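These are my notebook entries on what I looked up in the structure shown here. I wrote them down one topic at a time.

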Amino acid sequence: MTPKPQTAAIQVFKHVTRSWFVVTYAGQLIFAYYILMLYWKSAAFGHFEKWNTASHFYVKGDMVGNLVFGLHVALAAIITILGPLQLVPAIRNKVPRLHRISGRIYIYSAFIISAAGLYLTWVRGTVGGLFSAIGISINGIIIIVCAFFSVKYALQRKIKLHNQWAVHLLLGMSGVWLFRVFFMLWMVIHRAPVGFDPKTFTGPFLNVLAVFVYIFPQAIVALYFRAKFSGSPSKKWAFSVLLLVITIAIAVGTMGAIKGMWLPRI
Ligand code: HEM
C-alpha cells in the first residue's frame, strides 16, 4: 500500500532529522575528543605550551587569561558531549533524573563558557578582526538568552516551550563547532584560502561565515518547529530537503575538519 502524502512526509521528516542528529553528534564527539586530547591532556601533564598548537592561548605571566581559557576549553568538552544527549527522548523519558542533572550542568556551563568567551574576546584579545569579535559575541549573547528561557520554562513546567528553547540553545552552543566545520568545507572546496587572509584571519568570507553559523541556525530551528507542527506535507518536504543538504555539507565539512584541523593538532 502506498503511504498517504502526509504519512510519507512525516516519515521522511523524521528520518532526515535523525540523520542530521547522528551526523552532528558524531562530529561533535570528535571535536570533544580533540579538546580532551589537546587541552585537557596537556594540562593534566603540565605541558601548557601545547595549548599554543592552534594559536597563542597559553601566555606566560597572564595567570587570569590562562585560567579563563582553561575553564573555557574544560567546559567546551563537557557541553559538547552532554548537549545533544539532552534532546534524546529515550533518555528524557526513561531516566528523567539524568536529564535534569545533566541539564543543570549544561545550563550553568552555557553561562560560564559564554562569559569566559566574552572575556577572551574583549579583554584578552582574539585572532581575527572586529567583525569576528562581534560575530562570536553575538553567539555568546544568543547562548545566554536561550539558556535563560530554556531554564525559565523548565522551572515553570512549560515543557513545549522549554524543548523549543533547548533546541535553539543547542544550535547556539554548536556555533563554534559549526564555524570550524563550514570553514573546513570551504577549504575542501577551494583547496586555498579564498575570501580571507590566513595571516590576519580576516576577510569577507569569514564575515559571511560568522552570520551563517551563529545566526542562520536559529532561523533553521524556527523553520524546523514550523514544519514539525504544521499539518501541511509540503512544509515537511521542503524542510527535509533543506536539512538533508545541510547534513551532507556538515558530513563533508566534518571530514575536512578531522583530516585538516583536529587530527594534525593532537
Ligand atoms: C559554547 C560553545 C563553545 C565551544 C565548544 C568553544 C570551544 C572553544 C575551543 C575548543 C577553543 C580553542 C581553540 C581551538 O582549539 O579550536 C576556543 C577558543 C576560544 N573561544 Fe570558544 N567555545 C565556545 C563558545 C565561545 C563563545 C560564546 C565565545 C565568545 C563569546 C568564545 C570565544 C573564544 C575565544 C575568544 C577563544 C580563543 C581563540 C581565539 O582567539 O579566537 N567561545 N573555544
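**Entry 1: Lysine 14**

I began with lysine 14, which is partly exposed, since its relative accessible area is 40% and the partly exposed class lies between the limits of under 20% for buried and over 50% for exposed. I note here that the model is predicted, and I keep that in mind for every entry. Looking up where lysine 14 sits, I found its place in helix 1. I then looked at its distance to lysine 228: the two residues are 214 residues apart in sequence, and their C-alpha atoms are 9.2 Å apart in space.

**Entry 2: The ligand and its iron atom**

Which residue is the protein donor of the iron atom of the ligand? I found that His72 is the only one, and that it uses its NE2 atom at 2.0 Å. Histidine 72 has its place in helix 2, which covers residues 63-85.

I next looked at what else surrounds the ligand, and the shell has 26 residues, of which Tyr34, Tyr39, His72, Thr126 and Arg180 come nearest. For three side chains I wrote down the distance from an N or O atom to an oxygen atom of the ligand: it is 2.5 Å for tyrosine 39, 2.8 Å for threonine 126 and 2.9 Å for arginine 180. The elements that give two or more residues to this shell are helix 1 (5-44), helix 2, helix 4 (96-124), helix 5 (130-155) and helix 7 (175-190). When I sorted the shell by residue class, I got 17 nonpolar residues, 8 polar residues and 1 charged residue.

**Entry 3: The two sides of helix 8**

Helix 8 spans residues 204-214, and in this helix I found Phe205, Leu206, Leu209, Ala210, Val213 and Tyr214 to be buried. Why do the buried residues line one face of the helix? Seen down the axis of helix 8, they fall within an arc of 140°, and therefore they line one face. On the face turned away from this buried side I found the exposed residues Pro204 and Val208. I also looked up what covers the buried residues of helix 8, and the cover includes helix 5, helix 7 and helix 9 (216-229).

**Entry 4: Serine 230**

Is serine 230 buried or exposed? I found a relative accessibility of 14%, so serine 230 counts as buried, the limit for buried being under 20%. Serine 230 has its place in the loop between helix 9 and helix 10, the latter covering residues 233-265. Leaving out residues up to four places away in sequence, I found that serine 230 touches Lys235 and Lys236.

**Entry 5: Two positive phi values**

For this entry I first wrote down a general point: most residues other than glycine have a negative phi. Arginine 191 has a phi near 55°, which is a positive value in a residue other than glycine. I found arginine 191 in the loop between helix 7 and helix 8, where it counts as exposed because its relative accessibility is 71%, and the exposed class begins over 50%.

Phenylalanine 201 also has a positive phi, near 55°, and I found phenylalanine 201 in the loop between helix 7 and helix 8. With a relative accessibility of 25%, phenylalanine 201 counts as partly exposed.

Note on methods:
Residues numbered from 1 in each chain as written. Predicted model: local features only at pLDDT ≥ 70, side-chain atom pairs only at ≥ 80, totals over all residues. Heavy atoms only, no water. Donors = N, O, S within 2.8 Å, 3.2 Å for Na, K, Ca; no water. Helix = DSSP H or I, 4+ residues; strand = E, 2+ residues; numbered from the N terminus. Near = heavy atom within 4 Å. Polar contact = N/O pair within 3.5 Å; in protein donor to acceptor, adjacent residues only side chain to side chain. Nonpolar A, V, L, I, M, F, W, Y, C, P; charged D, E, K, R; others polar. Buried < 20%, exposed > 50% of the residue type's maximum accessible area, 1.4 Å probe, protein only. Arc of directions from axis to C-beta. Contact = heavy atoms within 4.5 Å.
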